[in-house]
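Subject: Structure handover

Hello,

Here is the structure you were due to receive from me. Please open it alongside this email, since the notes below go through it piece by piece.

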Amino acid sequence: MNVEEFTAERTGELLNFPRGFVNTFFVIYFVVGIALMAYTPPFQSADSFSHFDRAAGIASGQLIASNRADYSGSYLPEGLINLEDGFSTLPFNPNSRVTSSQFRDGWQESWSTPKVFVTYTTGGTLPFLYLPQVLGVLAGRLASKHVLVSYYLATAFNFLLFIGLARFAMLRLPRRLALPLGVFLVFPAVISLATSLNPDALLLALSVVFATMCFLQYDALH
């Protein structure tokens with residue numbers, strides 16, 4: 001081993017996966033995730049109604065959930081509630097599939113409807129954890145009047161930020177740690193979380209980045 005190779009190994013350059021390999025991994029991960037999002041009926045994942053309501057409330061400027069009769073919630077368009085009612089048979093039932101009439105009726109629901117107070121169980125969740133969902137809701141409202149468009153964009157933005165943070169970590173970790181991270185990411189429970197509206201996806205990705213930065217700092221000092 002010459003001096004240059006020794007120096008590169010000491011700095012971790014020879015121990016990291018090549019950027020091209022990592023990019024290929026996440027391109028495949030993205031394609032699989034999008035396919036899973038397309039296959040999974042709207043609002044079928046756990047607590048999707050509450051997470052979407054919370055994101056829609058934040059997107060409308062209600063950073064702190066309102067309280068009414070000891071229940072937390074936000075004032076949201078009736079179209080959003082009608083959309084969720086149409087898919088109310090799907091949550092927690094992985095065998096249920098959306099029907100063409102359900103999707104057609106859901107597609108008709110619009111943001112431009114009167115607002116009503118909607119209660120949800122996620123009012124105590126920190127607003128910043130819903131950043132990707134909120135951006136998706138806002139982008140959807142700019143692009144289309146249909147609430148369902150905002151739902152899909154909110155889910156997609158949550159997934160994209162998860163991928164971005166996970167990729168940031170994997171590019172900086174040595175192979176002995178990047179490989180277990182890659183295996184962890186392909187666990188069904190993890191990719192299902194990443195392709196949902198759940199803010200735990202962002203919390204998990206931030207935790208991975210935090211652990212990565214702690215490791216690099218420790219490695220630099222030793």
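What follows is a short account of the whole chain, then of one helix, one surface patch and a few single residues.

The model is predicted, so please read every value below as computed from that prediction.

Overall layout

The protein chain has 10 helices and 3 strands. Their order along the sequence is α-α-α-β-β-α-α-β-α-α-α-α-α. The C-alpha trace spans about 70 × 35 × 30 Å along its principal axes. The chain has 222 residues, and 44% of them count as buried. Among contacts with a separation of 6 or more, 79% are between residues 24 or more positions apart. The exposed area of the chain is about 11,900 Å², with 65% of it supplied by carbon and sulfur atoms.

Helix H10

Helix H10 covers residues 200-221. Its 22 residues should span 32 Å at 1.5 Å a residue, and the C-alpha atoms at its ends are 31 Å apart, which agrees.

Which residues of H10 are buried? They are Ala201, Leu202, Ala205, Val208, Val209, Thr212 and Phe215. These residues cover an arc of only 155 degrees around the axis, so they sit on the same side of H10. The general background is that an α-helix has 3.6 residues a turn, so residues three or four places apart point the same way. The cover over the buried residues of H10 includes helix H6 (131-143), helix H7 (147-172), helix H8 (175-185) and helix H9 (188-194).

On the other side of H10, the exposed residues are Phe210, Tyr218 and Leu221. Ala220 also belongs to helix H10. Ala220 counts as exposed because its relative accessible area is 63%, and the cut-off for exposed is over 50%. Ala220 and Phe128 are 92 residues apart along the chain, and their C-alpha atoms are separated by 31 Å.

Nonpolar patch

Val27, Phe30, Val31, Ile34 and Leu160 make a nonpolar patch of about 400 Å² on the surface. Helix H2 (residues 19-39) gives the largest share of this patch, with 4 residues. Phe30 is in helix H2. Phe30 has a relative accessible area of 33%, so it is classed as partly exposed.

Two buried residues

Leu80 is in helix H4, which runs over residues 78-86. Is Leu80 buried or exposed? Leu80 is buried, because its relative accessible area is 0% and buried means under 20%. Leaving aside residues up to four places away in sequence, Leu80 touches Phe52, Asp53, Ala56, Trp111 and Val147. Leu36 is 44 residues from Leu80 in sequence, and the two are 23 Å apart in space, C-alpha to C-alpha.

Phe43 is in the loop between H2 and helix H3 (48-59). Phe43 is a residue other than glycine with a positive phi, near 65 degrees. With a relative accessible area of 0%, Phe43 is buried.

For a look on screen, these are reasonable places to begin: the buried side of H10, including Val208 and Val209; the nonpolar patch, including Phe30 and Leu160; and the loop that holds Phe43.

Regards

Terms used: Residues are numbered from 1 along each chain as its sequence is written. This is a predicted model: local features need pLDDT of at least 70, side-chain atom pairs count only at pLDDT 80 or more; totals for chains, interfaces and linings use all residues. Side-chain values use heavy atoms; hydrogens and water are left out. Patches are made of residues with over 30% relative accessible area and no salt bridge: like charges are joined within 9 Å, nonpolar side chains (Val, Leu, Ile, Met, Phe, Trp, Tyr) within 5 Å. Accessible areas come from the Shrake-Rupley method with a 1.4 Å probe; for residues, only the protein chains shown count as cover. A salt bridge is a side-chain nitrogen of Lys or Arg within 4 Å of a carboxyl oxygen of Asp or Glu. Helices (H or I, at least four residues) and strands (E, at least two) are DSSP runs, numbered from the N terminus. Buried means under 20% relative accessible area, exposed over 50%, partly exposed in between (1.4 Å probe, protein chains only). The expected span of a helix is 1.5 Å times one less than its number of residues. The arc is that of the directions from the helix axis to the C-beta atoms. Contact means heavy atoms within 4.5 Å.
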